[in-house]
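The following report describes selected local features of a protein chain. Please consult the sequence and the model alongside the text.

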Amino acid sequence: MEERKSGAKKPARQSFGGQKRPGPKSAQHKFGAQKGGERGSKKPFNKNFGKKRPRSFPQEKKEPDRLRYPSQNPYDRLRPKEPALPKGLSWDMLSSSDKDALRSLSREHAENVGLHILAAYELEGEDLPLALEHAKWAASNASRIDIARECLALMAYRSQDFKTALKEFLTVRRLNGESDWVPFIADCYRGLGEPKKAIETIRKESQDASAESKLEMMLVMAGAFADLKDTKRALKIVRSMKALPGLPLSYKLRACEAEQTFLFMAGKKKEADAMEKEIEDMESKVFPEEEEEEGLVDFDLENLDERVIEDLLS
């Protein structure tokens with residue numbers, strides 16, 4: 001997001017923020033193409049992916065023969081079209097659940113795919129096109145592994161290749177059944193110029209979603225109504241979101257940014273400009289230096305009323 005200027009014209013389409021899965025240990029410091037702490041940057045989705053994924057078989061002990069490889073790539077040489085891996089990555093940087101997800105592959109193949117997944121998340125903030133190449137390699141070589149398809153879906157989404165992202169998110173949903181991808185799916189429909197389909201997707205999926213996912217859905221839904229030039233409905237949604245008890249400050253900031261955008265779109269420049277100081281104050285609290293905000297969803301939101309989306313759509 002470009003730095004906001006008072007009175008500047010706002011873009012017609014605002015992404016819901018593109019929250020994403022926590023990355024491998026080495027890549028978890030700054031997620032998103034925007035670095036943490038900059039204006040407009042977003043916090044991670046704070047979701048422990050794979051925590052419910054059953055192990056295929058017991059965890060293997062680390063074997064010393066892994067050290068036989070001359071580099072971090074377990075294959076002797078790069079294969080055709082394989083992007084070179086950055087230095088400093090290792091299998092041990094993957095989470096236990098991610099390792100388990102790769103265990104249906106041979107050991108060397110699993111390690112190769114895992115390292116390319118690590119590379120994609122590591123490079124996302126500094127070289128997104130290269131990160132996308134690593135994600136494509138991982139997905140093409142592990143097409144039935146959900147974390148490989150997740151990685152490609154997210155890199156394509158960041159790259160605004162919404163057609164590829166939508167295809168991959170839908171595939172991930174079929175592979176692991178997780179509903180927390182619904183906000184991404186809906187936002188991809190927005191990116192493809194189908195806001196009505198985005199709203200319908202949220203309408204169908206909102207009841208079974210987690211509290212945090214519901215918050216993401218509200219932001220996407222507001223954006224979809226704004227795409228349809230219904231700024232009145234869009235403003236109602238984000239203002240309802242801001243009023244939720246226990247709403248974390250990071251989400252309140254995003255709701256305020258969206259509200260300001262919709263006010264500009266509605267031609268209410270004076271009201272939009274008046275929000276600038278409030279937004280700047282919240283940004284300084286949400287992004288102090290390089291510190292991370294822990295626990296994005298307050299206890300009060302854990303049992304967020306399942307009808308909250310339906311009420312907003314009524």
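## Aromatic cluster and helical features

One aromatic cluster is formed by Y157, F162, F169, W181 and F184. The structure is a predicted model, in which local features need pLDDT of at least 70 and side-chain atom pairs count only at pLDDT 80 or more, while totals for chains, interfaces and linings use all residues. Residues are numbered from 1 along each chain as its sequence is written, and side-chain values use heavy atoms, with hydrogens and water left out.

The structure contains 6 aromatic pairs (rings of Phe, Tyr and Trp, the last by its six-membered ring, with centres within 6.5 Å; planes under 30 degrees apart count as stacked, over 60 as edge-to-face and the rest as tilted). Among them is the edge-to-face pair of Y157 and F184, with 5.3 Å centre to centre and 75° between the planes. This pair links distant parts of the chain, since Y157 belongs to helix α4 (residues 146-158) and F184 to helix α6 (residues 182-191), 27 residues apart. Helices are DSSP runs of H or I with at least four residues, numbered from the N terminus. Y157 counts as buried at 5% relative accessibility, and F184 is likewise buried at 1%; buried means under 20% relative accessible area, exposed over 50%, and partly exposed in between, with a 1.4 Å probe and protein chains only.

Helix α4 also contains D146, a buried residue with a relative accessible area of 7%. The side chain of D146 makes a polar contact with the side chain of N176, at 3.2 Å (a pair of N or O atoms within 3.5 Å; within protein, one must be able to donate a hydrogen and the other to accept it, and residues adjacent in sequence count only if both atoms are side-chain atoms).

Two non-glycine residues with positive phi are listed below.

| Residue | Phi | Loop | Relative accessible area |
|---|---|---|---|
| Q160 | about 65° | between α4 and α5 (162-176) | 60%, exposed |
| K229 | about 70° | between α8 (211-227) and α9 (231-242) | 65%, exposed |

Helix α10 (residues 249-265) has 17 residues, and its end C-alpha atoms are 24 Å apart, in agreement with the span of 24 Å expected at 1.5 Å a residue. The expected span is 1.5 Å times one less than the number of residues in the helix. Helix α10 is mostly covered, with 14 of its 17 residues buried. G267 follows α10 and has a positive phi, near 80°.

Definitions and conventions
Helix = DSSP H or I, 4+ residues; strand = E, 2+ residues; numbered from the N terminus.
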